[in-house]
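The following dialogue takes up two interfaces and asks how each statement about them is justified.

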Amino acid sequence: MATVETRDIRKLFGDVKAVDGVDLLVKEGEFLVFLGPSGCGKTTLLRMIAGLETQTSGDILIGGQVVNDLPPRARKIAMVFQSYALYPHMTVYRNIAFPLKAQGFPGDQIPQKVEWAASTFGIGKLLHRKPRELSGGERQRVALARAVVREPSVFLLDEPLSNLDAKLRTSARDELQQFQRRIGTTTIYVTHDQVEAMGLGDRIAVMSGGKVRQLGSPQEVYNEPADTFVAGFLGSPPMNLFERDDYIAGFRPETFLPVGLHDTSEPLVTLWAKIHRVEHLGADRLLYGTMRDTFPNEKVIINIPFTVEMQITPGEVYEFAVKEKDIKFFDRSTGLRTEPRRFWEKRS
Amino acid sequence: MSKGMYKAKAWGAKGGNFGILAAFIAFAAFPFYWMLMTMFKETRDLMNPNHNPYLYHMRPTLEHVRVLFFDTLYLQWLWNTAFVGFLVVLITLITAIPAGYSLARLTGKTGERLGIGIFLTYLVPPTILFIPLSKVISSLGLQDSLYSLVLVYPSFTIPFCTWLLMGFFKVIPKDIEEAAMIDGHSRLGAFLKVVMPMSIAGVLTVIIFTFTLVMQEFVYGLTFITASSRFTVSVGVPTFLVRGDVYFWGSLMGACFIASVPIAILYNLFVDRFIAGFTVGAIK
Ligand SMILES: Nc1ncnc2c1ncn2[C@@H]1O[C@H](COP(=O)(O)OP(=O)(O)OP(=O)(O)O)[C@@H](O)[C@H]1O
Ligand SMILES: [Mg+2]
């Protein structure tokens, strides 16, 4: 177990700033997720921590020690690749034993370690098979077993679940988290799937354009986005954002409900919206519309749980309300969070 | 169409397949058959235009084989070829494996252009190169030595094999190497433990190709070697078994047959891998 720290780390590929000044401190035993859209530099950052890519500038520390000049094998890390990168010419047993042999582990203890790692992931019966004879889910387990067998101090995982189908992904996510909690190894997990990030992470580093836009718990990044990028990236559908003179105001689709549905003493802001289209998505009903008075003709998406049976007809105008505290404000030029601007009092 | 017609069609297709296959097999095997026949045929039998050339009309004879083995230095030539071939294979592997690997991992345009450049040198024919190279050989004092061939042959085997191996290395995902580096190996260790075992087919291809190229080379062998005891098969056989306009057909065919069969068998053992070797890198 160890902490992982990056200090103003940068990586240029030609003139592409793949990673552009990232400061991070991953705590001991923490499960940290790098979340961001494709091409934002998540993999590059992870590969620099692994030592597979050399940073253009900045320092990387693992367990408090600067590892800039250490090769991957000396960093006490294990990595699971998106492709799993199993050794195709070796059996599952030899795949799992490979890191032990490479690190000069005493030969007589290897079988026992391999058994332990394999049984942890329920692949004890597959030890004699070759990777090509395994299903996607089984390959993923072999990759995980190979990563844990040497008990590394840091786990690096690059979208390890993205090759699995949706159902398997959910159960694998659950297993992965339980496993990480049990062994308590510091883990960095890369994904562009926000559901995965919210479900797994102790904290999430939301990235874009090579920078970390926000680092916080899943609730923090979701409820208190640090800037418009985070607000627009998280949530599906994402936060409704409205540009005004020098600020941007926003609220989440599920906080904007027909006015009668709020039974709260908290202060509410009521706004009118015309609904154009209704989508039924099982658990939710999505309303697509445009705002009236305060933000005339701006598009808005509203998410109403299916338990609300209120009849909504496209083409009609309804009165909606959002709690004052659920409205977030951002600076229009920088996109960063600002103090609330009580725009509703200026209403004519 | 009725069921019966489908069946008839299926049989027809099978028959067609078989016919085509048989034609190709006949085409490929015919030279061997011809060599084998002629090798044991009395010269009078062979030369008589009234005799069916595909069959024996007189008793087969071992005379030509005797001439080949006892009146010429055929065994010595075979040995010389094997000796040169072995060393050239070794040199080629030692050079082409690292070169092919580096080129495969040099991403972007540079690697590709370098690869093409190296391959182009393979296309310069020995008939142009042997004159300048003979200067090199004589200044090294290697005239009339088998080592001159050991030195010169890699000039065409290395480019070809580098290019071939590059294709094999390219299809090995980088991830796998990187996994090995994280699992505790250096780059060299990862290469030896993971990349090489996955490239056995490529190495086999290189060995067999190099050997074939060495066996069929003629120009350098003829110009750099003068002593008959140091000839390779490809030079010794035509030099000694074609005297003026007299062709010792039986012995010639025997020499060719004996030299070509081992290679043919090797090819057949690894034919699937060869095909993989040539199409590798064609896609992707
Ligand atoms: N070897 C490389 N050479 C040049 N540019 C690269 C290289 N690797 C990555 N990049 C560029 O750096 C940026 C970040 O890439 P990276 O792979 O880190 O993105 P990512 O966040 O992992 O994306 P994804 O979710 O698609 O995997 C991209 O613009 C990419 O094109
Ligand atoms: Mg990536």
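Q: In this predicted model, what separates the centres of domain 1 of chain A and domain 2 of chain A?
A: The two centres, taken over C-alpha atoms, lie 38 Å apart. Domain 1 covers 4–223 and domain 2 covers 228–347 of chain A.

Q: What makes residues of domain 1 of chain A count as being in contact with domain 2 of chain A?
A: Contact requires heavy atoms within 4.5 Å. By this rule, 14 residues of domain 1 of chain A touch nine residues of domain 2 of chain A.

Q: How is the area between domain 1 and domain 2 of chain A known to be buried?
A: Buried area is the accessible area that two parts lose on being put together, summed over both. For these domains of chain A the loss is about 990 Å², with 65% of it on carbon and sulfur atoms.

Q: What does the rule find across this domain interface of chain A in the way of salt bridges and polar contacts?
A: The number of salt bridges is zero, whereas five residue pairs are in polar contact. On the side of domain 1 of chain A that touches domain 2, α6 (194–200), β9 (203–208), β10 (211–216) and α7 (218–223) each supply at least two residues. That side consists of seven nonpolar, six polar and one charged residue.

Q: How many residues does each chain bring to the contact of chain B and chain A, and what area is buried there?
A: Chain B brings 15 residues and chain A brings 22. The buried area is about 1,500 Å², and carbon and sulfur atoms give 65% of it. In chain B, the residues that lose the most area to chain A are B:Glu178, B:Ile182 and B:Asp183, which together account for 42% of what that side buries.

Q: Why is the meeting of B:Asp183 and A:Arg146 called a salt bridge?
A: The definition asks for a side-chain nitrogen of Lys or Arg within 4 Å of a carboxyl oxygen of Asp or Glu. Between the side chains of B:Asp183 and A:Arg146 the N to O distance is 3.7 Å, and therefore the pair satisfies the cut-off of 4 Å. Across the interface of chain B and chain A the rule finds three salt bridges, as well as eight residue pairs in polar contact.

Q: Which helix gives the most to the side of chain B that touches chain A?
A: With seven residues, α9(B) gives the most. Both α9 (174–182) and α10 (187–198) of chain B supply at least two residues each. The residues of this side of chain B divide into eight nonpolar, three polar and four charged.

How values were computed: Residues are numbered from 1 along each chain as its sequence is written. Chains are lettered from A and ligands numbered from 1 in the order in which they are written. This is a predicted model: local features need pLDDT of at least 70, side-chain atom pairs count only at pLDDT 80 or more; totals for chains, interfaces and linings use all residues. Side-chain values use heavy atoms; hydrogens and water are left out. Domain bounds come from an automatic or database domain assignment. Buried area is the accessible area (1.4 Å probe) that two parts lose on being put together, summed over both. A polar contact is a pair of N or O atoms within 3.5 Å; within protein, one must be able to donate a hydrogen and the other to accept it, and residues adjacent in sequence count only if both atoms are side-chain atoms. Helices (H or I, at least four residues) and strands (E, at least two) are DSSP runs, numbered from the N terminus. Ala, Val, Leu, Ile, Met, Phe, Trp, Tyr, Cys and Pro count as nonpolar, Asp, Glu, Lys and Arg as charged, and the others, Gly among them, as polar.
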